Amino acid sequence: MFIHWGVYSQLGAGEWVMEQRGIPVPTYEWLASAFNPVKFDAHEWVSLAKSAGVRYITITARHHDGFSMFATKATPYNIVDWTPLKRDPLKELADECTRQGIKLFFYYSQLDWHHPDYWPRGRTGLKTARGESGDWNRYLDFLNAQLTELLTNYGPVGGIWFDGMWDKPNADWQLSRTYALIHRLQPSALIVPNHHKAPLPGEDAQTFEQDLPGANTAGFNTSEIGSLPLETSLTMNNSWGFNITDRSFKSTHDLIGTLVRAAGHGANLLLNIGPRPDGTIQPEAAERLREIGLWLTTYGASIYGTRAGPVAPRDWGVTTRRGDTVFVHVLKWPDRLLSMPVPGGRVTHAWILGSGEHVAFTQNADALTLTLPVAEPSAPDRVVALIVSGR
Ligand code: JFZ
């Protein structure tokens, strides 16, 4: 579960509102001083994630607006010192995640539209009314100081999800220093960079924004898939941060389809919510998360702990595998007979996951053909489990 939540949530126009409306720093600082999400309840958020079958949460510790959603000594521009809330929501979340056995990752923006030392400016943040000077090295010291706090004061952290380097693609971000710091403080923390390029040394996973690995419908993703673990990040509507007029919520049917296709590409799905400024979660989002969780109670075995299957992704669907079990996910196929290349060995058993109903099949050196049960129109995915020997 991805969570985009911050000062920007108050304007209900997404997380880029400061840039899109050209809000200067002094005005945005006032907006930050009014942020008071008293209804924020870490137990409610983590319990919803749990009911959705989520295994890790990635929350915005600091987004491009430069406001810190955690207790930090590096700047007073943070939720404890700058707002009436006087609480640290990331601390409360970290403790609740530990209680409920969910890993917590921090999204951390390298881009900053507020900090005076984010200089020379990049492609964005040019309407912020900051001074025309700054000390880049002092900015990187600030960034590393905050990462030290996040990796010291919140218990075991799943990893850091970086974003924003694309604002100054030619700057010296001194990545090796930052990556070494993270791996020194928490060796098992994963570095997940959203720089939309092929993996760089020291990185631990590759994430694709709004695209399956290798695809680039978003226009900014690389098509180069490295050898690192993979992730796809996805909005539930068309906004990351809370957007009060964005009603384009994807159906649960389509969200499950993307979860399955991501697994068929060997990738996790990082599905986003944009909580409201009072700390509550939109019912449309909560409902979809619960429905996905319900689906996973039956079909989770064909997703969790699997890898991309032996039959590459197809229009009709994908395959996943764990050990000698291959799961055929039939997402879009009108007919009863479905043929595919041999799934990496000789099939000995085939059944419908969930009902356990036997599935008839024929196979030869060239293909495996399954006789599928009649499709239920509302079912997002017909999952046929295969035991494959001699893989
Ligand atoms: C980035 C953020 O800007 C956005 O706010 C959100 O956090 C998302 C998960 O990641 O999205 C981007 C970043 C850069 C480009 C497009 C979307 N780009 O360079 O075209």
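This note covers the ligand site and the nonpolar cores of the structure.

1. The model is predicted, so that local features need pLDDT of at least 70 and side-chain atom pairs count only at pLDDT 80 or more, while totals for chains, interfaces and linings use all residues. Residues are numbered from 1 along each chain as its sequence is written, and side-chain values use heavy atoms, without hydrogens and water.

2. Around the ligand there are 14 residues (a heavy atom within 4 Å). H4, E15, W16, H64 and E209 come nearest.

3. Polar contacts (pairs of N or O atoms within 3.5 Å) link ligand oxygen atoms to side chains. The distance is 2.9 Å for W16, 2.9 Å for H63 and 3.4 Å for Y107. Of the 450 Å² of accessible area that the ligand has on its own, the protein covers 83% (Shrake-Rupley method, 1.4 Å probe).

4. The largest nonpolar core (buried Ala, Val, Leu, Ile, Met, Phe, Trp, Tyr and Cys residues joined through side-chain atoms within 4.5 Å; buried means under 20% relative accessible area, 1.4 Å probe, protein chains only) has 93 residues. I57, F106 and L150 touch the most other members. A second, separate core of 17 residues includes V330, M340, V359 and L372.

Key
Buried < 20%, exposed > 50% of the residue type's maximum accessible area, 1.4 Å probe, protein only. Polar contact = N/O pair within 3.5 Å; in protein donor to acceptor, adjacent residues only side chain to side chain.
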